[in-house]
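Trainee: I would like to go through this structure before our meeting. May I put some short questions to you?

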Amino acid sequence: MENILVSACLMGVPVRYNGKSLGLQPDDLVWLKQRFNLMTFCPEVSAGLPTPRAPAEIKGGEGADVLLGAARVQDNTGVDQTAAFVRGAEQALAFCRAHNIRYAILAEASPSCASSTIYNGRFSGEKIPGQGVTAALLRRHGICVASQHTISVIKAQPGCTE
Ligand code: SF4
């Protein structure tokens with residue numbers, strides 16, 4: 001059975017910045033388990049960040065810009081967390097390579113895992129189009145990334161070209 005990467009928080013592991021978790025729709029979970037070996041990973045915990053931790057947002061761009069050195073990740077206390085977020089992304093990519101992973105379902109709106117929407121970097125609660133640092137790196141290396149809201153992208157495989 002093919003491996004698929006899933007954000008740990010989407011599998012109920014309480015690793016979010018606030019010490020809580022998220023989840024997948026029950027029917028999506030059933031569909032995924034019938035077709036894939038689900039492998040959980042949290043880039044931020046892998047990078048050594050604690051749980052709970054201060055919420056972080058991307059300032060000056062989105063995940064791909066962070067990888068280019070053109071944007072930063074900063075938490076709401078003003079601490080620059082860019083290095084940790086890039087390290088987490090690199091560790092997620094290494095995990096995918098080690099397990100021949102071609103598909104990922106990552107939690108939307110996270111500065112690491114977002115695949116289409118991030119917060120605007122001003123901690124105002126407003127969202128803008130963009131992807132997280134891990135999602136950007138995985139896509140750069142050919143991995144098909146969807147969120148808990150766009151699992152249809154995975155269901156439409158091999159049509160995933162993002
Ligand atoms: S980094 Fe990704 S897996 Fe970890 S808590 Fe945030 S959204 Fe979930």
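Mentor: Certainly; one term comes first. Two residues are in contact if their C-beta atoms, placed from the backbone, lie within 7 Å. Please also keep in mind that this is a predicted model.

Trainee: With that in hand, which residues does valine 133 touch?

Mentor: Leaving out residues up to four places away in sequence, valine 133 touches Gly63, Val66, Leu67, Val73, Phe85, Val86, Ala89, Pro111 and Ser112. Valine 133 is also one of the residues that touch the most other members of the largest nonpolar core, a set of 43 residues. The others in that group are Phe85, Ala104, Ile105, Leu138, Ile143 and Val145.

Trainee: Which elements supply at least two residues of this core?

Mentor: Strand 1, strand 3 (56–59), helix 4, strand 5 (103–106), strand 6 (117–119), helix 5 and strand 8 (144–147) each do so. Helix 4 gives the most, namely six residues.

Trainee: Then let us stay with helix 4. Which of its residues are buried?

Mentor: They are Ala84, Phe85, Val86, Gly88, Ala89, Ala92 and Cys96. These buried residues pack against strand 1 (2–7), strand 2 (36–41), helix 2 (43–46), helix 3 (63–68), strand 4 (72–75) and helix 5 (133–140).

Trainee: Why does the end-to-end distance of helix 4 agree with what it should span?

Mentor: Helix 4 has 17 residues, 82–98, and at 1.5 Å a residue these should span 24 Å. The expected span is 1.5 Å times one less than the number of residues. The end C-alpha atoms of helix 4 are 24 Å apart, so the two values agree.

Trainee: What follows helix 4?

Mentor: Asparagine 100 does, and its phi is positive, near 50°. That is a positive value in a residue other than glycine. Asparagine 100 is placed in the loop between helix 4 and strand 5.

Trainee: Is asparagine 100 buried or exposed?

Mentor: Asparagine 100 counts as exposed, because it has 8 C-beta neighbours inside 10 Å; the cut-off for exposed is 12 or fewer. Phenylalanine 123 also has a positive phi, about 55°, although it is not a glycine. Phenylalanine 123 lies in the loop between strand 6 and strand 7 (127–129), and it is partly exposed, with 14 other C-beta atoms within 10 Å.

Trainee: Moving on to strand 5, which way do its side chains point?

Mentor: Tyr103 and Ile105 point one way, Ala104 and Leu106 the other way, and all are buried. Strand 5 pairs with strand 1 in the parallel sense over two bridges, and isoleucine 105 is the bridge partner of valine 6. Strand 5 also pairs with strand 8 in the parallel sense, over four bridges; there, leucine 106 has serine 147 as its bridge partner.

Trainee: What about the loop between helix 2 and strand 3?

Mentor: Proline 52 lies in that loop, and the peptide bond from threonine 51 to proline 52 is cis, with omega near -5°. Leucine 49 is found there as well. With 22 C-beta neighbours inside 10 Å, leucine 49 counts as buried. Leucine 49 touches Glu44 and Ala84, not counting residues up to four places away in sequence.

Trainee: Finally, which residues surround the ligand?

Mentor: They are Ser7, Ala8, Cys9, Val15, Arg16, Cys42, Pro43, Glu44, Ala107, Ser110, Ser112 and Cys113. By class, this shell has seven nonpolar, three polar and two charged residues. Glu44 thus appears twice in our talk, as a residue around the ligand and as a contact of leucine 49.

How values were computed
Residues are numbered from 1 along each chain as its sequence is written. This is a predicted model: local features need pLDDT of at least 70, side-chain atom pairs count only at pLDDT 80 or more; totals for chains, interfaces and linings use all residues. A residue is near a molecule or strand if its C-beta atom, placed from the backbone, lies within 6 Å of it. Ala, Val, Leu, Ile, Met, Phe, Trp, Tyr, Cys and Pro count as nonpolar, Asp, Glu, Lys and Arg as charged, and the others, Gly among them, as polar. A residue is buried if 20 or more other C-beta atoms lie within 10 Å of its own, exposed if 12 or fewer, and partly exposed in between; C-beta atoms are placed from the backbone. A nonpolar core is a set of buried Ala, Val, Leu, Ile, Met, Phe, Trp, Tyr and Cys residues joined through C-beta atoms within 7 Å. Two strands pair if DSSP finds at least two bridges between them.
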